[in-house]
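This report describes selected local features of one protein structure. The sequence and the model are shown first.

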Amino acid sequence: MPTSPPPPTREAFARWVQEALQRLYDLPYLQKHPLADVLAAAEPDRLQRVPHLRRALLDAIHSLAPAQGAQAQSPDWRAYRILELRYIEGLTPPEVMQQLALSRSYYFREQARMLDALTTTLWERWQQSAQAAPAEEASPSREQLAYAEASRLAAQTSGEHVDPADVLQQLAPLVESLAHSQGKRVQVDMPAQLVPLRADRVLLRQALVTAITYALDIATDQAVRITGFSERRAAGIAIHVAGAPEAAQPGRGLEVCAQLMQALGGELQVEHTFGGLWQARLAWPTEAIHTLLVVDDNQDFANLFRRYLASHSWRVVGAADGEQARQAIAEHLPTAIILDVMMPREDGWELLMALRASEATRTTPVIICSVLNEPRLAQALGADGYLTKPVNQQALLRALAPLAQAAASQGPAR
């Protein structure tokens, strides 16, 4: 019998807390974050888990406030204000340092101490609630099982250019047999030229079968239509049902398809309008070239990443120090930056703080890549990820995949 995912370790829990704090007001991000499933698991409505999670984080921060009567400039008050200003009000580390008149070393030491205290508070509250729950472990939900299965398959994906029309043609006997068994039919109307998709063929087949099966189940006019689409920002396959009942639940039964699409770097978009019109779009960002700036005084790393990304939608620009990095940023507007720590004249931590303080690069994704093992400090300074040297190709692709997808959803690639 399948079991629920194992509970997080204290280290993983601490990492999740810091990730959630840095995106405290990002609803889509928190909806998918594992901390919501831990701290708000009792909330059956997944959309309500985000407010529940946010309240838990805010309550834990406020619980660390100094006792009433504490002096406004006492060490306890300043330490508490670091959390308030950084995560509730959204100030950058330099802004917090300036407002509280703190040195850099004092700020990061106190922030680390308060984050540890905050994590301990949340951890103990969660442990107490878990002990108070029934001893018998609940069966995992369908969505949890879908996520686990899709994650397992995603780890084995092979990115290749796939023609959606070819995949549908291969699926035709299976789909026609399924439709015939229900007294229905499937009409495929694909354009002659459709943008090839970068996807894993096996996972794409599974996603299509799941979506088509659901469409046949809800269709009441005996027909399901499949078309291809190619737009400025997305391309893919659309499944149309003209006779879906008003009571149909657009998301129910499609958890596996949604998770597979996410694993493939795409998205499942479902629409259900008045009059029984239902549509599911399996959409991918159109192929575009994204720019990766690699800041490392050892240029071999930029060359290594060029080889790793040669068959992928990235071009690599190298910079040996902070000065070259600033010039490259102004010239190329990179989609993402990979930043070494141990560099001459200006180390990676200083450059990261400068990037986060600048309006031009405040939101540019930065991944720290170092022989040091300092992911918590990187997160505290606003980094979006951490890679430990040596870096293999799969680790690099996993780190870049969500950044490319996010950039594609925002507009033309940079």
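The text below treats a parallel sheet, a helix packed on it, a further helix and one arginine.

The model is predicted, so that local features need pLDDT of at least 70 and side-chain atom pairs count only at pLDDT 80 or more, while totals for chains, interfaces and linings use all residues. Residues are numbered from 1 along each chain as its sequence is written, and side-chain values use heavy atoms, with hydrogens and water left out.

**The sheet**

Helices (H or I, at least four residues) and strands (E, at least two) are DSSP runs, numbered from the N terminus. Two strands pair if DSSP finds at least two bridges between them. An open sheet is formed by five strands in the order β9-β8-β10-β11-β12, with parallel pairing. At its edges lie β9 (314-319) and β12 (385-388), each of which pairs on one side only. From one strand to the next, the twist averages 20 degrees.

Strand β8 (residues 290-295) is joined to β9 by six bridges and to β10 by four bridges; both pairings run parallel. Individual partners are listed below.

| Residue in β8 | Partner | Partner strand |
|---|---|---|
| Thr-291 | Arg-315 | β9 |
| Leu-293 | Val-317 | β9 |
| Val-294 | Ile-338 | β10 |

Buried denotes under 20% relative accessible area, exposed over 50%, and partly exposed the range in between (1.4 Å probe, protein chains only). By this criterion six of the six residues of β8 are buried. His-290, Leu-292 and Val-294 point one way from the strand, whereas Thr-291, Leu-293 and Val-295 point the other way.

Helix α12 (residues 300-308) packs on the sheet and touches β8, β9, β10 (336-339) and β11 (366-370); contact means heavy atoms within 4.5 Å. The direction of α12 makes about 175 degrees with that of β9. Axes are lines fitted to C-alpha atoms, for helices over the stretch in contact, and angles run from 0 to 180 degrees between N-to-C directions.

**Helix α1**

Helix α1 (residues 10-22) has 13 residues, which should span 18 Å at 1.5 Å a residue; its end C-alpha atoms are 19 Å apart, in agreement with that value. The expected span is 1.5 Å times one less than the number of residues. Buried residues of α1 include Phe-13, Trp-16, Val-17 and Leu-21.

**Arg-356**

Arg-356 belongs to helix α14 (residues 348-357) and is buried, with a relative accessible area of 9%. Leaving aside residues up to four places away in sequence, its contacts include Thr-92, Arg-362, Leu-381 and Asp-384.
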